[in-house]
Number of protein chains: 2
Amino acid sequence: MDTDEARVRLLDAAEELFYERGIQAVGIDELRSTSGVSLKRLYQCFPAKQQLVEEYLRRRDDRWRARLAAYVTEQGVPPEDRVLAVFDWLRTWFDEPNFRGCAFVNSYGELGATEPGIAEVVRAHHAAVRDYLAGLVADLQVREPGELGEQLWLLVVGSATGAAITENAAMAGRARATAQLLLTAARR
Amino acid sequence: MDTDEARVRLLDAAEELFYERGIQAVGIDELRSTSGVSLKRLYQCFPAKQQLVEEYLRRRDDRWRARLAAYVTEQGVPPEDRVLAVFDWLRTWFDEPNFRGCAFVNSYGELGATEPGIAEVVRAHHAAVRDYLAGLVADLQVREPGELGEQLWLLVVGSATGAAITENAAMAGRARATAQLLLTAARR
DNA sequence: TAGCCCAGAGAACGTTCGTTCCCCTATAGT
DNA sequence: ACTATAGGGGAACGAACGTTCTCTGGGCTA
């Protein structure tokens with residue numbers, strides 16, 4: 001196994017374990033045994049656990065947003081329905097068996113106050129999501145597109161967190177209905 | 001210092017420290033020095049850290065909801081404005097200098113997956129908030145009051161989490177505007 | 001074949017943390 | 001005044017964790 005493969009296996013293991021149980025609950029030893037990467041190579045790829053954590057979050061950010069954007073684009077629907085498609089995709093996400101809320105919200109709650117690096121990655125993720133929503137809204141004829149984008153983001157965050165705590169994927173539908181309302185109200 | 005006073009001082013210290021920095025980031029030693037309670041009495045009051053954590057969350061649940069309910073009642077406004085007053089109170093909460101999001105969402109992200117007792121307290125808190133909102137909605141003439149209550153809860157959770165991550169209290173205003181929209185749309 | 005280097009396995013180290021134990025003092029009851 | 005007891009301070013313990021070190025084997029080169 002070369003260095004690149006080790007990196008991937010480590011990040012795969014990190015994603016699975018950190019998301020499922022939290023960051024501090026997963027030790028280096030478990031990452032090693034799950035990934036099958038030796039300790040020496042692990043520290044060669046990531047000289048400290050914190051770096052692996054931040055890489056894990058960055059990669060998850062990329063992939064999560066890519067999955068969302070791909071789904072929305074694939075629908076091939078007009079701009080307003082693209083916004084609603086975001087919430088349709090959330091529903092499929094909430095339905096995944098290992099869904100446990102937004103990894104960034106969870107990480108922020110766990111380590112945002114102590115590890116500035118993590119707080120920064122979390123903020124960057126959510127800023128990117130807000131930008132994405134703002135981009136969708138920019139194609140619409142609405143009053144105050146900026147405000148609408150922020151409100152939609154609020155629905156995304158709220159439904160993800162709410163669905164995790166209640167273990168009820170129906171939260172996506174409620175967020176979608178609310179988004180629908182925001183869209184028609186903002187139309188001009 | 002008697003046992004009762006020690007309990008209060010410990011819970012006060014726990015609230016301050018756990019909320020500010022996270023649960024695992026705060027050790028028994030710091031709780032001891034901050035509260036001024038001796039180790040022996042600490043373990044007399046709470047035989048394990050986990051019990052102190054759960055008590056902290058339960059007390060915070062009580063107090064948080066009491067503060068919210070008191071504010072809403074004090075406004076002396078008609079039912080529909082009482083719902084909006086919830087978001088006015090959120091704004092004052094977000095503006096508090098040590099605001100760091102919903103303690104229950106944070107605790108859930110940190111320990112919800114590993115400590116079932118904590119997950120339970122978190123769910124109980126959010127269920128109680130949903131019940132409170134459902135009570136406010138029950139006084140209104142709306143279609144599907146249950147659904148409206150859930151949507152309002154989604155806005156509360158989303159704005160609290162969003163305000164914490166962006167460090168921007170204006171999230172309360174956006175949630176309020178969205179709630180306003182939900183109210184007028186549901187009116188019958 | 002001999003020498004060299006890299007990688008893997010896992011022992012070892014130092015620290016931190018929750019929890020327990022020990023010792024000393026101060027006080028209350030007789 | 002003497003003893004019994006509870007409480008405070010803090011050392012000690014055992015486990016867990018992140019990180020480093022050591023030993024060993026295997027493949028590559030001269």
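**Close-up views of a predicted two-chain model with DNA strands C and D**

**View 1. Chain A, an all-helical fold.** Chain A contains nine helices and zero strands, and in this predicted model the order of its elements from the N terminus onward is α-α-α-α-α-α-α-α-α. Measured out along the principal axes, the C-alpha trace of chain A extends over about 60 × 30 × 30 Å.

**View 2. The relation between chain A and chain B.** A turn of 180 degrees, combined with a shift of 0.0 Å along the axis, lays chain B on chain A with an RMSD of 0.0 Å. This is the relation of a two-fold axis. Within chain B, the C-alpha nearest to that axis belongs to B:Gly158, at a distance of 1.7 Å. Of the interface residues of chain B, 100% are interface residues in chain A as well, so the copies meet through the same surface.

**View 3. The interface of chain B and chain A.** The contact draws 40 residues from chain B and 40 residues from chain A. Together the two chains bury about 3400 Å², and 68% of this area lies on carbon and sulfur atoms. On the side of chain B, the residues that lose the most area to chain A are B:Leu154, B:Ile165 and B:Arg174, which together account for 20% of what that side buries.

**View 4. Polar pairs and helices at the interface.** Eight residue pairs in polar contact, with both residues at pLDDT 80 or more, are found across the interface of chain B and chain A. The side of chain B that touches chain A receives two or more residues from each of helix 1 (3-21), helix 6 (103-111), helix 7 (116-138), helix 8 (145-166) and helix 9 (171-186) of chain B. Among these elements, helix 8 of chain B provides the largest share, namely 14 residues. By class, the residues on this side of chain B comprise 17 nonpolar, 13 polar and 10 charged.

**View 5. Salt bridges between the chains.** Six salt bridges are found across the interface of chain B and chain A, while a search of the whole structure gives 38 over all chains. In one salt bridge, the side chains of A:Arg174 and B:Glu147 meet with an N to O distance of 2.9 Å. A:Arg174 is located in helix 9 (residues 171-186) of chain A and B:Glu147 in helix 8 of chain B, so this pair joins two chains. Another salt bridge links A:Glu167 with B:Arg123, where the closest N and O atoms are 3.8 Å apart.

**View 6. The surroundings of DNA strand D.** Both chains supply residues around DNA strand D: from chain A these are A:Val26, A:Gly27, A:Ile28, A:Leu39, A:Tyr43, A:Ala48 and A:Lys49, and from chain B they are B:Ser38, B:Leu39, B:Lys40 and B:Arg41. Among the atoms of DNA strand D within 4 Å of the protein, 61% belong to sugar or phosphate, and the rest belong to bases. Phosphate oxygens of DNA strand D appear in several polar contacts with side-chain N or O atoms, including one at 2.6 Å from A:Lys49, one at 2.9 Å from B:Ser38 and one at 3.1 Å from A:Tyr43. The elements giving two or more residues to the surface near this strand are helix 3 (39-45) of chain A and helix 3 (39-45) of chain B. Helix 3 of chain B gives the most, with three residues. The surface near DNA strand D is made up of six nonpolar, two polar and three charged residues.

**View 7. The surroundings of DNA strand C.** The residues that surround DNA strand C include A:Ser38, A:Leu39, A:Lys40 and A:Arg41 from chain A, together with B:Val26, B:Gly27, B:Ile28, B:Tyr43 and B:Lys49 from chain B. Sugar or phosphate accounts for 63% of the atoms of DNA strand C within 4 Å of the protein, and bases account for the rest. A base oxygen of DNA strand C is found 3.1 Å from an N or O atom in the side chain of A:Lys40. On the part of chain B, a phosphate oxygen of this strand lies 2.7 Å from a polar backbone atom of B:Ile28, and a phosphate oxygen is 2.6 Å from an N or O atom in the side chain of B:Lys49. Helix 3 of chain A and helix 3 of chain B each supply at least two residues of the surface near DNA strand C, and by class the residues of that surface are six nonpolar, two polar and four charged.

How values were computed: Residues are numbered from 1 along each chain as its sequence is written. Chains are lettered from A and ligands numbered from 1 in the order in which they are written. This is a predicted model: local features need pLDDT of at least 70, side-chain atom pairs count only at pLDDT 80 or more; totals for chains, interfaces and linings use all residues. Side-chain values use heavy atoms; hydrogens and water are left out. Contact means heavy atoms within 4.5 Å. Buried area is the accessible area (1.4 Å probe) that two parts lose on being put together, summed over both. A salt bridge is a side-chain nitrogen of Lys or Arg within 4 Å of a carboxyl oxygen of Asp or Glu. A polar contact is a pair of N or O atoms within 3.5 Å; within protein, one must be able to donate a hydrogen and the other to accept it, and residues adjacent in sequence count only if both atoms are side-chain atoms. Helices (H or I, at least four residues) and strands (E, at least two) are DSSP runs, numbered from the N terminus. Ala, Val, Leu, Ile, Met, Phe, Trp, Tyr, Cys and Pro count as nonpolar, Asp, Glu, Lys and Arg as charged, and the others, Gly among them, as polar. A residue is near a molecule or strand if one of its heavy atoms lies within 4 Å of it. Copies are superposed by least squares on the C-alpha atoms of residues with pLDDT of at least 70 in both.
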